[in-house]
Structure formats: structure tokens, C-alpha cells
Amino acid sequence: MLLFSPKFSRSTNAPYALLLPNIRSIPTMSFSSSSPSTLPLQQDSKEAQVLKYHNQTKHSFRNYARGPHGLDWANQPNPFRRFDSAPLVPLLHPPPPDQTPPPYSSVFLNLPPPKPVSKSTISQLFFDSLAISAWKTTGFSTWSLRVNPSSGNLHPTESYIIAPAIDSVSDSAFVAHYAPKEHSLEVRAEISSGFLLKFFPKDSFLIGFSSIFWREAWKYGERAFRYCNHDVGHAIAAVAMAAAELGWDVKILDGLGFEDLKKLMGLEIYPEFEIPARPVKGKFPVIEFEHPDCVLVVFPNGAGEFSVNYRELSSAISRFSELNWKGKPNVLSREHVCWDIIYRTAEAVKKPLMIEHKFSVHPFHSSKLFSENSYKGLTVSEVVRKRRSAVDMDGVHVMQRDTFYQMLLHCLPSGSQNGVKQGRQLALPFRVLSWDSEVHAVLFVHKVAGLPSGLYFLVRNEDHFDDLKKSTRSNFKWAKPDSCPDDLPLYELTRGDFQELAERVSCHQDIASDGCFSLGMVAHFERTLQNKSAWMYPRLFWETGVLGQVLYLEAHAVGISATGIGCYFDDAVHELLGLTGSSFQSLYHFTVGSPVLDKRIMSLPAYPGPAIDS
């Protein structure tokens, strides 16, 4: 994932006119780093803290969000967490090949029959979702890449498995931390054999995610909390896609509270953290703690509808505090910088236990296969392990219109069955999420054959359509483009050459203009926080990460590449669309095109990797 890393807190060029092709000029103005909110919030409320963080960490033409003035390479965090003295159980390298691996495009139509839970299938799940995908080397530098993308390749996301006894892994049900460098499980505790069976279908297990904010903050300062949650979304989708290959469905257990997640993954090992009043530099190993994000239940396709009693599940998890937890977490850096606003916001978004939360497994909705010839015949495993973040685009490649439409059809949350209205998250991989879609996409179309260059909008929740039209510029066309599938809610806003504008609003990065198209993910923001709570803030970023993962995989499945862009001028994007206030906010950018490969960099196999911590 590409993230521009300027010297923060320095002024750039003064704001300049943004010329909108065929509309009008936006006058030269000062783009503020905040959007006024109309939420009726108390000054010290959790929602106020979230809005303060969101506005304070916006980039603008005048200033970037606060961060380090340079990179402290001596204290770059170790990207690999290990629990010293915890038993290490190697997984298979690589897993035995499936006799009939499903083609990538097929899992969007229906899930294959489920495979049994075994060392082989668990190995494959991690190998195709969270493992090392390759090592890169040039000169005296060597670094790893992973199947799941990460902002700046810093990988703040840690993962855990809570599973029944598995032959050649553990004789007892267990909790383990996944160690990607070794492609192994660190068994941290043994649990009751009846725990999973009491609440979930046979052959179910859990995958948990946590974030180490320091890994991102080392490079990106205060904006790091956003990027950590992008990465959680990418990891969620990575697991959902790898599980689909094995015939397993995945749902988030979103009724559990923060304290439940902390106990379930054994994260009570970390001491409580007293947040300083301002950014502080020094030795603060306590900020290397793991913030529990979410837990997913993985279960066999065809298991049918089942419910989850969150009150009883939380009660059972409370006894995890009494388990014999093994392993001491390794130290990641000698010195640190504590960006206090990150940790205040993390406190504000902690979700309470919600015993009334309804857990639902809706029928699988297939996504339309509009242009099967666009795909290169790769399997799921081949696509996910080939995924890379492009660092440059060739500026030449032209995408076919049918390929463009096909990619966007796989970005729809509800699939495309019988003219279904978009909104509910029923299609792969969005069905893992428990809320209706809150994220849309504004597209800068540069090089798509048969489609005029210009600004387009993909409406991913059609209940928001009227609000979007009212909130954006009155002279936008909102017209369906030529030959667009009826069940693809894509609209042309205006025609023109938006390459220079796409580059400017993405922190002057050429990669946003040199691909076939780029986009900004626009979230239904203020009302979502108002109707739910501050805990929804990171979940909006998770949804953008899930959508971004689909864009990555689609690009590689059709033979090109993509990259996430975390550096963009937030309110310039809003001004471009005519958005005011905080009703809708841009949370993530992306670009898709043909990559330029750096021939100076050599690729090495993922396993066995070099003996370095990188």
C-alpha cells in the first residue's frame, strides 16, 4: 500500500485553483483541515474525540497531519511479533496443492463444498491470507512482503486463532498467535474442548485481529490510526477470500465488546497505558501493546442459520483470564514517540458488549459474471499470493470497458441477484461485515476504452442515493454510462481530463493519474456515527479496507496491479464533489493500472526466508 511520506508539519505550496473540467473553477481558497460537524455532542464525549481526531489528522494543501520530521531508522519497529517461550508449531510449507482448486472468479458465484478443519487446511488458510508472499532485496536492503497489504509495508495487524483440537497441531482446543515469518502457530493457551461447540456449528473456529499502533505511528505520526484500521479491513477480506477457497464462510462477531476480545486473544498480558498530555519521545515499551480489533467466526459453507448468545459467550470468555497463558511478547523498538491523540481515540472507539446484537448468516448472494474473459484463469491462491502494491504506473495501459464494469460488479456489497438493491452486505467478501454498506466510491476514469474520461460515482448503498445527489454539485449529471449493466449503480458525473486533478488531491502523486482509473472511498459519515456510536469510526475504515482488497485482487486477476493511497487532501476531495460539513467524508484512495517494475529489485521465495527481522 502506497503512502506518501512527506516531512510533516511543514507548509507546502499555497493552495491553488483546482480546475474542474467542463464544470467551473473552484476559486483559490484555503482548504481547512477540518469540516464542521452538526452532531449534537458534548465537548468530552467519545464522538467528539473521534471528530477531533478525524479533523486534526486531515492533510491539506497548506499542512500535512502531524508526524515525524524524518524517519528514525534505528528505532524502526520489528514487523514480527513473537511470544518468547510459547510452543511453536510449524504449519505446512507450502500446503499440499488442492486437486481441484477453484478459479478465482468462481467463488463470487458460489462457495465450493467445505473442507474439513485439519493442519493442511488451516495451513492453507494462513498461507493464502496473512503469510509472507515474497522477499525483496536490493543492495544491502532486504524486506518481506505479505499476502495482506499494509500501509507502508509496516504491518501493525496481528492475528490469532481460537480452534478445536487439530491433529499434529494441538491435542486440546487452543488459542494461538500466528507468526508469519515462520508460518507457524505459537500456542499460547489451551481451552475447554466444549467452548466452540457450545456457541458455533461443528468445524468452526475463530480468527482474531489486533493492532500495534506504534508500527504505523513510527512513520506516519497521528494519521496512523486511520492506516491501522485500513489494514484491519484488508486482513478481514484476506481471510474471507482464503476461507472461501476452502468452502468456509466468515462473519464478524460484532456483538462482543472490547474487553471480551482482549480476554479471548490473551491480550491482558499488556500493562495499562497512561496516555500523556501531548506527543512525547522516549523509551515507552508500553505503547507496543496490542489493541484488540475484532474476531471472526469461520464455519463450513452450508452450516445453515445459527444464532449467537452474546451474553453467554461473553460469560464464557470471561474465564479466559484464568488460563495459563504462555509466552512473553518481544520488544519491537528501543525508543518510541507517543502520539497521544491516537491512544485517546483508541479509548473512545472501544465497543461495549452488545448482548442485543443480532448475529445473522444470510444466504450467499452471487456477484454477476459480466465479462469472464477479462480474467486470466488464475485460482484464488494464485491471485492472492501474486498481489503486490504497485509503486508506479506506466501511464499507457488502456483497460477495456467490460473489464472495468466487471471489476466494479465485484465491488458491490449485495451481489447482483434478481435486481437486488445495493446496501446489505451479502456478497463475497463483504458478507463478513455485520452492517449495511456505508462506503461509496468516486472514480477518476483516465484510460478505459469506450468510456469517456471523467468523474464517476459508484453508489454502494442505494438508500444514500438521494442524499448524495443533494449533497454534491447541482450540475453533476448522475447519468448511467453507455452499456453499463443494469444492476451496476455507476453514474457519470461529468466528462473531462481529471488526471492532473487526481494527482493533486492525492498529495501530488503521479500514481493517481497514471493508471487506468483511481478513486476515493466516500463514507456516509456523520449520520452513521450519530445513529451508532464512536465505535463505528474504525469500522468505516475496515469497510474501505475490504473494498480495497477486492480492488487489489480484481486488478491482479485481470493481469494488472493496484495500490492503496492513504495520503490525500481530505477536504480538497470534498470540495471537488461539492460536499460540505461532515455528512460524507473521504477515507481512502486507490489506483488501478499497469505497473512499472523496478528491475533493480530482486525477488526471493517466501519460505524459507533470510534470517533477518524485516
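**Figure 1. Lys58 is a buried residue in the predicted model and pairs with Asp571.** Lys58 has a relative accessible area of 2%, where buried means under 20%, exposed over 50% and partly exposed in between (1.4 Å probe, protein chains only). Asp571 is likewise buried, at 9% relative accessibility. The two residues form a salt bridge whose closest N and O atoms are 3.0 Å apart; the term denotes a side-chain nitrogen of Lys or Arg within 4 Å of a carboxyl oxygen of Asp or Glu. Lys58 lies in the loop between helix H1 (46-56) and strand S3 (83-84), and Asp571 in helix H15 (residues 570-577), so the salt bridge ties together parts that are 513 residues apart in sequence. Helices (H or I, at least four residues) and strands (E, at least two) are DSSP runs, numbered from the N terminus. Residues are numbered from 1 along each chain as its sequence is written, and side-chain values use heavy atoms, without hydrogens and water. In this predicted model, local features need pLDDT of at least 70 and side-chain atom pairs count only at pLDDT 80 or more, whereas totals for chains, interfaces and linings use all residues.

**Figure 2. Arg460 and Glu543 form a salt bridge between buried residues.** The closest N and O atoms are 3.1 Å apart. Arg460 belongs to the loop between strand S19 (454-458) and helix H11 (465-471), and Glu543 to helix H14 (residues 536-557), so this pair connects parts that are 83 residues apart in sequence.

**Figure 3. Arg527 and Asp467 form a salt bridge between two helices.** Their closest N and O atoms are 3.3 Å apart. Arg527 is in helix H13 (residues 526-531) and Asp467 in helix H11, 60 residues apart. Both residues are partly exposed, Arg527 with a relative accessible area of 43% and Asp467 with one of 23%. Elsewhere, salt bridges that share partners join Arg82, Glu182 and Glu186 into one network. The whole structure contains 25 salt bridges.

**Figure 4. Phe404 is one of the residues with the most contacts inside the largest nonpolar core.** A nonpolar core is a set of buried Ala, Val, Leu, Ile, Met, Phe, Trp, Tyr and Cys residues joined through side-chain atoms within 4.5 Å. This core has 195 residues, and Phe195 is named with Phe404 for the most contacts inside it. Not counting residues up to four places away in sequence, Phe404 touches Met399, Leu443, Val445, Val448, Leu451, Leu490 and Phe517, a contact being heavy atoms within 4.5 Å.

**Figure 5. Strands S6, S5 and S24 form an open antiparallel sheet in the order S6-S5-S24.** The edge strands, S6 (141-146) and S24 (602-604), each pair on one side only; two strands pair if DSSP finds at least two bridges between them. Strand S5 (residues 132-138) and S24 pair over three bridges, and Trp135 stands opposite Leu604 in S24.

**Figure 6. Two cis peptide bonds precede Pro429 and Pro608.** The bond joining Leu428 and Pro429 has omega of about -10°, and Pro429 lies in the loop between helix H10 (401-409) and strand S17 (439-445). The bond from Tyr607 to Pro608 has omega near -10°, and Pro608 is found in the segment after S24.
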